[in-house]
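Thanks for coming, everyone. I'll go through some local contacts in this one. Here it is on the screen.

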Amino acid sequence: MNPRLTALDVLVQLESSPKHLDKLLSRAFQRHPAAQARDKAMATNLTHTVLRHRAWLDHLLTPLVSRPLAKLDAPVRAALRLGAAELVVLATPAHAAVGATVEAVKAGPAAKASGLVNGVLRALTRALPAAAQAEPPGDELDRLCLRHSHPRWLLEPLARRFGLEQAAAWAQANQSQPPLCLRVNALKASPAQVAESLAPVCEAVEAHALAPEALIVRGAAGPLWDLPGFREGLWQAQDAGAQALGRLLGVGPGMTVLDLCAGAGGKSGHLAALMANQGRIVAVDDSAGRLEALAENMARLGVTIVEPVLADGAAWDGGGRLFEAILVDAPCSGLGVIGRRPDIRWRRSPADSAAMARIQLALARNAARLLAPGGALVYCTCTVAEAENEGVARALLAARPELRPSWAGAEAAGEMIGADGFWRSFPRPMAADSFFAARLVKA
């Protein structure tokens with residue numbers, strides 16, 4: 001497998017395919033079953049680097065191309081970005097970056113443009129570093145968007161709500177891959193036991209301040225599923241912010257709990273551990289494939305109290321039951337996990353949030369109907385879009401006056417609750433993905 005050719009192919013597909021980056025990379029690797037791990041890693045790094053720095057790379061390339069980049073054929077545009085990423089971000093020696101990119105172009109659909117790619121990349125080599133040091137045009141927010149390659153529609157609302165400094169910290173954090181974070185399965189092991197077993201195959205294993213079960217793992221040797229303890233169910237990969245969300249609900253042994261958008265069971269497994277595997281968790285999802293993955297995960301983790309239900313969470317009637325605690329981890333635009341998925345910033349638009357908010361409110365309203373008096377409902381997302389977060393929470397409170405915000409009984413809430421009564425995590429200073437949560441109690 002040629003890593004650069006693979007990266008080029010994936011970058012071109014991203015411009016026309018609705019499939020996510022991870023799926024496109026996975027499909028590309030399946031076509032090369034004998035490919036070495038280092039080549040897969042290089043193709044992944046090249047693709048991620050282009051997507052993380054795309055706007056800045058385009059800014060540097062634009063003066064060197066006679067036509068607007070948007071007018072170029074997609075393979076040519078992708079090749080220029082790929083070569084520029086190696087030169088500007090990865091600091092690959094110029095002769096190697098240009099030569100290897102041109103060779104990859106010759107082997108792909110843009111072979112006729114190899115001369116253009118060669119000429120532009122050599123011109124970029126000469127223009128650096130003066131072009132990189134020049135002050136970008138526009139106001140302070142424009143320059144921030146350009147330097148950290150985020151669309152203005154994404155950063156402007158954050159700067160308005162939380163200040164330019166917080167928006168800048170968030171954007172900067174998105175420019176590097178977050179470390180692997182594990183949730184230790186308290187049903188089978190302690191953090192100390194898992195840390196000890198991972199130490200020989202990792203550069204570092206560190207506790208995370210946001211959740212007592214969270215371990216940050218750096219420099220792991222090999223894929224996730226080959227690390228000690230995974231197959232035995234001693235841990236699962238889960239961001240520390242997501243782990244904190246599980247604690248916000250305030251569950252305990254013997255309770256009857258509903259996970260209304262269960263997915264593959266990441267949070268169901270955590271809730272079960274917090275309940276000491278005693279009580280009942282009904283896990284609802286509208287995808288049979290996700291519920292199959294959930295069942296596999298629960299078996300691996302040793303969880304026996306989760307009952308999968310295939311249904312639309314916005315319409316499910318609860319089977320005549322009410323629940324003491326309900327988690328609505330709603331489907332969302334995913335703008336809070338851009339650090340892990342750099343393609344999201346280029347795939348989303350403000351219109352997506354409006355559409356997602358309608359789905360989220362329908363789910364939350366049904367959850368409120370299924371909540372027992374005195375019970376707690378946590379509505380949460382992994383996005384930073386106001387329409388999907390504060391907008392949905394406030395619309396739910398307006399529609400269901402029997403609900404009121406309350407953090408009583410919620411662990412891990414603390415200082416992360418804002419003046420508006422909502423909980424948020426950010427990459428800085430919390431070293432977690434960006435999550436939002438509202439905890440509402442029924443009168």
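Start at the beginning of helix α13. There, a side-chain oxygen of Asp239 comes to within 2.8 Å of the backbone nitrogen of Gly241. Keep in mind that this is a predicted model. The helix itself covers residues 240-248. How many of its residues are buried? Nine of nine, so α13 is mostly covered. The buried set includes Gln243 and Arg247. Ala240, Gly241, Ala242 and Ala244 are buried too. So are Leu245, Gly246 and Leu248.

What do those buried residues pack against? Several strands, for a start: β1 (180-184), β3 (214-218), β9 (371-381), β11 (423-425) and β12 (435-442). One helix is on the list as well, α14 (266-274). After α13 comes Gly250, with a positive phi near 80°.

Next, the annotated site. The UniProt entry, which is unreviewed, lists Asp285, Asp312 and Asp329 under "binding site". Those three positions span 45 residues in sequence, but no two of their C-alpha atoms are more than 13.8 Å apart, so they gather at one spot.

Take Asp285. This residue lies in strand β6, residues 280-285. Buried or exposed? Asp285 counts as buried, because its relative accessibility is 6%, and the cut-off for buried is under 20%. Leave out residues up to four places away in sequence, and Asp285 touches Cys261, Ala262, Gly263, Arg290, Leu291, Val309, Leu310 and Ala311. Two of those contacts deserve a distance. A polar atom of the Asp285 side chain sits 2.8 Å from the backbone nitrogen of Gly263. Arg290 forms a salt bridge with Asp285, and the closest N and O atoms are 2.8 Å apart. The partner, Arg290, is partly exposed at 38% relative accessibility, whereas Asp285 is buried.

Now Asp329. This one is in strand β8, residues 323-329. Beyond residues up to four places away in sequence, Asp329 touches Cys261, Lys267 and Cys380. With Lys267 there is a polar contact between side chains, at 2.8 Å. Cys261 appears among the contacts of Asp285 and among those of Asp329.

On to salt bridges in general. How many does a search of the whole structure find? The search finds 25. I'll show two more.

First, Arg81 with Asp58. Their side chains meet at 2.8 Å, N to O. Arg81 is in helix α5 (residues 74-88) and Asp58 is in helix α4 (residues 54-61), so this pair ties together parts that are 23 residues apart in sequence. Both ends are covered. Arg81 is buried with a relative accessible area of 8%, and Asp58 counts as buried at 15%. There is also a wider network here: salt bridges link Glu15, Asp58, Arg77 and Arg81.

Second, Glu103 with Lys106. Here the side chains meet in a salt bridge at 3.6 Å, N to O. Where do they sit relative to each other? They are three residues apart in helix α6 (residues 94-106), so about one helical turn separates them. The general rule applies: an α-helix has 3.6 residues a turn, so residues three or four places apart point the same way. Glu103 is partly exposed, with a relative accessible area of 49%. Lys106 is partly exposed too, at 45%.

Last stop, Glu390. This residue is found in helix α18, residues 390-399. Its relative accessibility is 3%, so Glu390 counts as buried. What does Glu390 touch, leaving out residues up to four places away in sequence? Arg161, Ala385, Asp420, Phe422, Arg424 and Phe436. Which arginines make polar contacts with the Glu390 side chain? Arg161 does, with a side-chain contact of 2.8 Å. Arg424 does as well, side chain to side chain, at 2.6 Å. One more distance for that region: Glu390 and Pro401 are eleven residues apart along the chain, and their C-alpha atoms are separated by 16 Å.

To recap three points. Helix α13 has nine of its nine residues buried. The UniProt "binding site" positions gather at one spot. And Glu390, which is buried, makes side-chain polar contacts with Arg161 and Arg424. That's my tour; over to you.

Terms used:
Residues numbered from 1 in each chain as written. Predicted model: local features only at pLDDT ≥ 70, side-chain atom pairs only at ≥ 80, totals over all residues. Heavy atoms only, no water. UniProt positions renumbered as here; feature names shortened; annotations may be inferred. Helix = DSSP H or I, 4+ residues; strand = E, 2+ residues; numbered from the N terminus. Buried < 20%, exposed > 50% of the residue type's maximum accessible area, 1.4 Å probe, protein only. Contact = heavy atoms within 4.5 Å. Polar contact = N/O pair within 3.5 Å; in protein donor to acceptor, adjacent residues only side chain to side chain. Salt bridge = Lys/Arg side-chain N within 4 Å of Asp/Glu carboxyl O.
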